[in-house]
Amino acid sequence: MTIPTSNTLMLTEKAMEQDELLVRRLKNGDHEAFESLVEAYRPRIYATLYNLLGRYQEAEEAIWDVFSEIWKSIGRFKGESKLSTWIYSLTTHVAYHRRRKRGATAIPFEEIEPNVAAPSNLETDVLRHEESRLVEKGISALPESLRVPLVLHSIAGLDYEEISKVLKLPVGALKTRVWRAKLELKKVLEPWMNQPST
Amino acid sequence: MDESTLNLTCLQVAEYRELGKALPEALASHWESCADCHAVGEIDNLLEHYAPPKMSGYSRERLVEITKPKLPQANWWRYAVAAALACLIGGNLYLRRPPAFSPVAILPQVRSHGSISVPAVSLPVSSVMVAVVEGSCVMRQPGQSSWKPLHPQDRLTPESTITIPAKGRLRLTYPDGTEMVLLGNTQGTLDTITSSADGVDAFFLVRGKIFVHHHGNPLVILTADSAIEAIGTEFSVHQEKSSTHVRVFRGLVRVKLVSSENSAMMRENEELRFAPQSKLAVKRFGVQQVDPWEKNEIKVSYLKEGRMVETLRRVPKHLNSPHLAPVQRLESKSVQSLENHSQNYNRHANRLETKLEDQMKNFEEHARKQQEKLLEEMKDYDQSVGR
């Protein structure tokens, strides 16, 4: 366990103050605050949704559901958890809802769509990178109970405490699940890791 | 080594590596020999270089769309049927705009109020002002989900929803001088009624009780079941759970039921209690029955003036209330009242003194008579013995 230094404490306090201010502005219906929230959270929420849903088109639709839900429900946010925790619980809820609606538990390995809609060549190149494609494929092939903690931890960048609040699971169980998810991912990717992509 | 111990050690290794710390000797040896830990390490490296996908771009129009207040979709066929019926019957057609974004109540979207006719006026709703606030009265503006506290001199925008707490009270002033007092536990929305030609100020009473002192411009109080049109009047409307209670203290009020063509004209000192399907039977009420609070009066019975002022003094915030301005004037009378107490005492003492004097006089008189009687008896005795 890391002992927080005074600098990290100050940074945390500052971030919390900024969150509080942002929430207050959002509750007052401030459109600019909403836009800054979208700017700040859009990339990570999109990456999370993409890895949870496995289809970029669906993720692009789902992200607006998340932001719409944030705008409608911000009045119910009581500040008992971090804003990011609350936002990611909405995100996972939207993803679960979409997957349930779709009726499929996982997309077949070969059907995973690479994200080809990036606006610049550089980003396209990066996204077409073999490793990234393999990771995307592998994550989508994982069962939901392992995929969600792994995505929230390794892609959304949430710490275990936050994921515990989002998924309502104990921290120890989450650590085990993330570890198992990585092990499963390795097994899924094993045949592909030493072969060139088709 | 069993599986659980292996997992625990592997988890410890994973945690150390995640934090970027050097492994202790025991864990380092495990790391050297454990295939699973190596597999996880490889995945960690992959994830480290993994570039999360990016959106193809987002439109600000979509943001505007999300934050825009969403009006409930109008049922065009209901409007068409109502318009056709209005043409056939020959009445005016009133359409009520539903409250934006989060309606406080579901109302029929089409209202036909038949014979209620209102002259054309501009819409003064935007300049309704808060005159007096007591308690933590709050307001919610259209399209917003949060409530804001109300303060004196605040200006209310159309379609603002107002909520008065149990111990609160709010006085609104319209530009034409019309005053509306919202009593405790009341909720309502500032509104307008648009007819085929004009717009009229309206107040949609969801629950609770209001008192209206009306001047000039037309004003309609809407409840779920009725439209109550003020015609230069002073009246109160109490929206109860299943019925509405209207009392008129001055002028005229026309009540029109939404569910039927029934309407009734109410005059001074008349009251009407009705449910959606009931008949409109107007009754007279005695002036004595009027709640003095509805007329901003305090009525006191069988209580000495000085005692009343002493009672009010115990709750000084009441004396600061602008509603009790006349009572503050009463306070100056209280001094006289207290002086009256001493006057009363003096008068009482004087009365006692007089009574005592009278008793003394009576006693002296009685003593004198007794003395005279005794002297006469002594004389009679002397004569009998031949002295």
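This briefing describes chain A, the contact between chains A and B, and selected strands and residues of chain B.

The structure is a predicted model, and the mean pLDDT of chain A is 77, with 75% of its residues reaching 70 or more. Chain A holds nine helices and zero strands, whereas the parts of chain B treated below include antiparallel strand pairs, such as that of strand 14 (residues 244–257) with strand 16 (residues 270–274). The two chains touch through a contact that takes 40 residues from chain A and 31 residues from chain B.

**Chain A: composition and confidence**

- Read from the N terminus, the elements of chain A follow the order α-α-α-α-α-α-α-α-α, in keeping with its count of nine helices and zero strands.
- Of the 198 residues in chain A, 36% are buried.
- When contacts in chain A are restricted to residues at least 6 apart in sequence, 68% of those contacts join residues at least 24 apart.
- Two stretches of chain A call for care in reading: over residues 1–6 the pLDDT stays under 50, and the model has two contacts beyond four places in sequence for them.
- Over residues 108–120 of chain A the pLDDT also stays under 50, and for this stretch the model has 26 contacts beyond four places in sequence.

**Chain A: helix 4**

- Helix 4 of chain A covers residues 83–102, which amounts to 20 residues, and from its first C-alpha to its last it reaches 29 Å, close to the 28 Å expected at 1.5 Å a residue.
- The buried residues in helix 4 of chain A include the aromatic-ring residues W86(A) and Y88(A), and among the others are L83(A), I87(A), L90(A), T91(A), T92(A), V94(A) and A95(A).

**The contact between the chains**

- Chain B brings 31 residues to the contact and chain A brings 40 residues.
- On the side of chain B that touches chain A, helix 1 (3–19), helix 3 (35–48) and helix 4 (60–67) of chain B each supply at least two residues, and helix 3 of chain B gives the largest share, eight residues.
- By residue class, that side of chain B divides into 17 nonpolar, nine polar and five charged residues.

**Chain B: strands 14 to 17**

- Strand 14 of chain B pairs in the antiparallel sense with strand 15 (residues 263–266) of chain B over four bridges, and a hairpin of five residues joins strand 14 to strand 15.
- Within the pairing of strand 14 and strand 15 of chain B, R254(B) stands opposite M265(B) of strand 15.
- Strand 14 of chain B is also joined to strand 16 of chain B, by five bridges, and these two strands run antiparallel.
- In strand 16 of chain B, R273(B) is the bridge partner of H245(B), and E270(B) stands opposite V248(B).
- Strand 16 of chain B pairs in turn with strand 17 (residues 283–284) of chain B, again in the antiparallel sense, over two bridges, and here E270(B) stands opposite R284(B) in strand 17.
- E270(B) therefore appears in two places in this account, opposite V248(B) and opposite R284(B).

**Chain B: V128(B)**

- V128(B) is found in strand 3 (residues 128–134) of chain B, and V128(B) counts as buried because 23 other C-beta atoms lie within 10 Å, where the cut-off is 20 or more.
- Leaving aside neighbours within four places in sequence, V128(B) is in contact with L156(B), L172(B), Y174(B) and L190(B).
- V128(B) and E179(B) lie 51 residues apart in sequence, and their C-alpha atoms are 9.7 Å apart in space.

**Chain B: positive phi outside glycine**

- Most residues other than glycine have a negative phi.
- Q153(B), which is not a glycine, has a positive phi of about 75°, and Q153(B) lies in the loop between strand 5 (148–149) and strand 6 (155–156) of chain B.
- Q153(B) counts as exposed because there are 8 C-beta neighbours inside 10 Å, and the cut-off for an exposed residue is 12 or fewer.
- N269(B), likewise a residue other than glycine, has a positive phi near 60°, and its place is in the loop between strand 15 and strand 16 of chain B.
- N269(B) is partly exposed, because 16 other C-beta atoms lie within 10 Å.

How values were computed. Residues numbered from 1 in each chain as written. Chains lettered and ligands numbered in written order. Predicted model: local features only at pLDDT ≥ 70, side-chain atom pairs only at ≥ 80, totals over all residues. Contact = placed C-beta atoms within 7 Å. Nonpolar A, V, L, I, M, F, W, Y, C, P; charged D, E, K, R; others polar. Pairing = 2+ DSSP bridges. Expected span 1.5 Å × (residues − 1). pLDDT = per-residue confidence, 0-100.
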